[in-house]
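Student: I have a structure to go through, and I want to know what stands behind each label. Please set each value against its definition.

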Amino acid sequence: MIVITNSRAELQSSTSNPKTFKFFELPPSPLKQKQSFKSPTAPVEVQELVKELAKVGGVAKVRAIAPRAEDIHWIEFELELHPETELDYETWDKIQDLVIDCEWGLRDQTKEKWYFDQKLVEKFVRIEDGAKEVARSEISLSSSTNYYNQVKSGSNLFVIAGT
């Protein structure tokens with residue numbers, strides 16, 4: 001500890017007397033400074049999987065969520081379907097195969113354990129505290145023409161849900 005004495009500080013008043021102060025300079029703390037937390041980002045393979053899942057017939061939106069933002073190795077894929085759509089067993093099997101192939105591909109590639117889960121949701125809801133959305137894909141007119149029809153009227157383009 002360093003002590004500095006006889007430093008004078010004078011107040012700008014006609015009635016005050018100069019005062020002597022002692023200033024203490026403390027040594028640096030042995031504790032590490034708090035570093036800002038940056039959660040890891042999802043691998044490109046996860047983002048590509050989200051895009052692939054969004055192309056499956058009947059799927060409107062897909063998002064990948066890490067339930068714990070600090071651990072990107074656990075990812076839940078939420079699939080929101082088009083209104084009044086149900087997936088047949090063959091389509092659901094295809095979705096599961098895509099997810100499993102990506103999960104095991106990442107395990108082989110990175111030599112780390114990955115845990116993927118997929119679920120159908122009626123509508124995306126707010127994610128829980130501590131979770132992080134790591135990828136999202138929504139429908140595009142070109143990838144979902146079997147459900148949406150384009151109708152041109154004058155200079156406007158309308159999108160009408162198919163029946």
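Student: Which residues line the largest pocket, and what makes them lining residues?
Tutor: The lining consists of Arg 63, Ile 65, Pro 67, Glu 76, Glu 78, Lys 119, Val 125, Arg 126, Ile 127, Glu 128, Asp 129 and Ala 131. They count because lining residues have an atom within 4 Å of a pocket point; on a 1 Å grid over the protein atoms alone, a pocket is an open set of points with protein on both sides within 12 Å along at least five of seven lines, where a 1.4 Å probe fits. This is a predicted model, in which local features need pLDDT of at least 70 and side-chain atom pairs count only at pLDDT 80 or more, while totals for chains, interfaces and linings use all residues. Numbering starts from 1 along each chain as its sequence is written, and side-chain values use heavy atoms, without hydrogens and water.

Student: What is the volume of the largest pocket, and what does the figure stand for?
Tutor: About 180 Å³. A volume here is the space filled by probe spheres set on the grid points, which are joined across faces, edges and corners.

Student: How many lining residues fall in each class?
Tutor: Five are nonpolar, none is polar and seven are charged. Asp, Glu, Lys and Arg count as charged; Ala, Val, Leu, Ile, Met, Phe, Trp, Tyr, Cys and Pro as nonpolar; the others, Gly among them, as polar. S3 and S4 each supply at least two residues of the lining.

Student: Where is Ala 131, and what does it touch?
Tutor: Ala 131 sits in the loop between strand S5 (115-121) and S6. Beyond its neighbours within four places in sequence, Ala 131 is in contact (heavy atoms within 4.5 Å) with Ile 65, Ala 66, Pro 67 and Ala 69.

Student: Why is S3 called mostly covered?
Tutor: Because seven of its eight residues are buried, meaning under 20% relative accessible area with a 1.4 Å probe and protein chains only; over 50% is exposed, and in between is partly exposed.

Student: How do you know that S3 and S4 pair?
Tutor: Pairing requires at least two bridges found by DSSP. Six bridges join S3 to S4, and the two run antiparallel, so the requirement is met. Val 59 stands opposite Leu 81 in S4.

Student: What makes the largest nonpolar core a core, and which members touch the most others?
Tutor: A nonpolar core is a set of buried Ala, Val, Leu, Ile, Met, Phe, Trp, Tyr and Cys residues joined through side-chain atoms within 4.5 Å. This one has 25 residues, of which Val 46, Leu 53, Ala 64, Phe 77 and Phe 116 touch the most other members. Helix H1 (44-54), strand S3 (59-66), strand S4 (74-81), helix H2 (89-110) and strand S6 (132-138) each supply at least two residues. H1 gives the most, with five. Helices (H or I, at least four residues) and strands (E, at least two) are DSSP runs, numbered from the N terminus.

Student: Why is Glu 84 called exposed?
Tutor: Because its relative accessible area is 88%, above the cut-off for exposed. Glu 84 lies in the loop between S4 and H2, and its phi is near 55°, a positive value in a residue other than glycine.

Student: And what makes Lys 111 exposed?
Tutor: Its relative accessible area of 71% does. Lys 111 is in the loop between H2 and S5, with a positive phi of about 60° although not a glycine.
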